[in-house]
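Colleague: Could you take a close look at one part of this model for me, the nonpolar patch on the surface? I'd like to see how it sits within the whole.

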Amino acid sequence: MTQSSQVKGGRLPWSGLLALSCAAFTAVLTELLPAGLLPVMAAPLRVSESRIGFLVTAYAAASFVAAVPVTAALRGLPRRPVLCGALLGFAVSDALVALSSSYPLTVAARLLAGVMGGTLWAMLAGYAARMVPAERRGRAIAVVLAGITVALACGVPAGTALAGALGWRAAFAALALLAVLLVGWIRLRVPGFPGEPAHARVPLSRVAVRPGIRPVLSVTLCLLLGHQVMYTYVVPFAARAGYGRTGVLLAVFGTATVAGIWLTGVLVDRCPRPALLGALALIAAVLAVLGLAARTPGALTGAVALWGVAFGGAPTLVQTALVDAAGPADADVATALQTTVYNAGIAAGSLTGGLALDALGAGALPWTALPSVLLALTAVALARRHAFPAVRSAAASGGGSLAEPGAVGVTCPAGDHDVRRSADGARR
């Protein structure tokens with residue numbers, strides 16, 4: 001399948017998008033699976049459970065460090081081989097973990113997985129955007145990012161259950177096999193796109209200062225920081241509230257995120273700004289309820305369900321805004337920046353929540369998280385010109401018209417990087 005296979009009508013290329021969604025599923029499950037296997041991995045690797053927890057940290061740190069430089073280095077290569085290479089890297093990493101009896105080797109394998117994760121996340125949203133017409137871009141991104149939700153709601157519990165039945169090594173071996181099978185699926189059903197020729201590449205620094213990029217990155221940071229303050233420490237918070245069934249609470253959150261993804265898929269191409277404002281306002285309201293009434297079981301469960309609905313859709317809405325601001329041609333670079341910011345938000349949120357938990361107790365967590373979410377809401381409300389416009393631009397919404405007299409759109413021969421040329425041929 002080549003670039004000419006892009007869908008030109010209203011129909012989504014479901015097989016290709018689902019393959020990318022499964023790639024997102026694989027990345028999230030590879031990242032988080034050790035967190036559910038702390039006791040069973042610790043003894044065979046002859047380390048403490050906290051050292052097994054560091055395997056998640058190693059992945060996140062490598063992803064944080066590698067996303068921007070690796071994406072920049074690979075911009076000139078054809079996109080599909082890079083995508084397949086990242087998945088094969090996951091396969092190698094998971095296979096090494098499955099076979100390793102050495103903790104240092106396991107850490108090295110997790111660092112490799114983190115580099116692959118940074119590379120993959122920088123590609124997925126932009127890849128989905130290039131596979132569909134502009135008016136279907138948001139829905140395509142929602143389909144791909146639904147893999148995150150499925151991994152959180154179903155994949156991690158299923159992987160933990162498989163490890164309980166067949167051993168943790170079997171769980172990582174299954175992940176390695178899944179990554180290999182995905183390579184075959186992607187080669188069959190996902191279109192190939194060329195890399196960016198050197199003369200057409202926009203420097204990373206110019207993408208970063210493009211109007212709309214920085215507000216989207218700021219919203220990403222604030223949203224993830226506030227979310228992780230609560231989500232990382234939801235177990236001690238639920239225990240403080242006297243709610244002993246934490247597994248049920250997490251299942252409620254995970255199931256609700258599926259509903260949030262579905263709702264976002266309906267709204268993202270029609271009214272993305274109101275949808276994002278509504279999602280952030282709902283998260284802020286949930287935090288206030290958790291702070292005031294968490295000791296009431298019904299209020300706690302209901303608030304967590306609404307939190308899941310709101311957060312399930314928010315990343316897709318923010319990612320779509322980023323792709324609109326950068327343009328599909330530069331989406332990989334912009335998303336690499338976002339991947340770095342995303343991981344920074346996760347780390348900062350976990351650290352901030354831990355400090356608040358130690359100093360003030362679990363009851364302070366909602367109030368610690370709320371200011372960051374309110375900052376994200378304020379940033380979206382103010383950035384209505386470029387980052388989160390009330391009306392999406394013609395290029396973003398599918399019109400693609402050029403307002404300049406005498407200007408016509410042409411496509412660079414090396415890819416789908418649209419440029420403007422005036423009637424006299426000058427590049428704009």
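Modeller: Happy to! The protein has 16 helices and 2 strands, both being DSSP runs numbered from the N terminus (H or I of at least four residues for helices, E of at least two for strands). This is a predicted model, where local features need pLDDT of at least 70, side-chain atom pairs count only at pLDDT 80 or more, and totals for chains, interfaces and linings use all residues. Residues are numbered from 1 along each chain as its sequence is written, and side-chain values use heavy atoms, leaving out hydrogens and water.

Of the 428 residues, 51% are buried; buried means under 20% relative accessible area, exposed over 50%, and partly exposed in between (1.4 Å probe, protein chains only). The protein exposes about 17300 Å², with 68% of it supplied by carbon and sulfur atoms; accessible areas come from the Shrake-Rupley method with a 1.4 Å probe, and for residues only the protein chains shown count as cover.

Now your patch: V92, L96 and L105 form it on the surface, together offering about 220 Å² of accessible area. Such patches take residues with over 30% relative accessible area and no salt bridge, nonpolar side chains (Val, Leu, Ile, Met, Phe, Trp, Tyr) being joined within 5 Å and like charges within 9 Å. A salt bridge here is a side-chain nitrogen of Lys or Arg within 4 Å of a carboxyl oxygen of Asp or Glu. L105 lies in helix 5, residues 103-130, and counts as partly exposed because its relative accessibility is 37%. By contrast, C84 counts as buried because its value is 7% relative accessibility.
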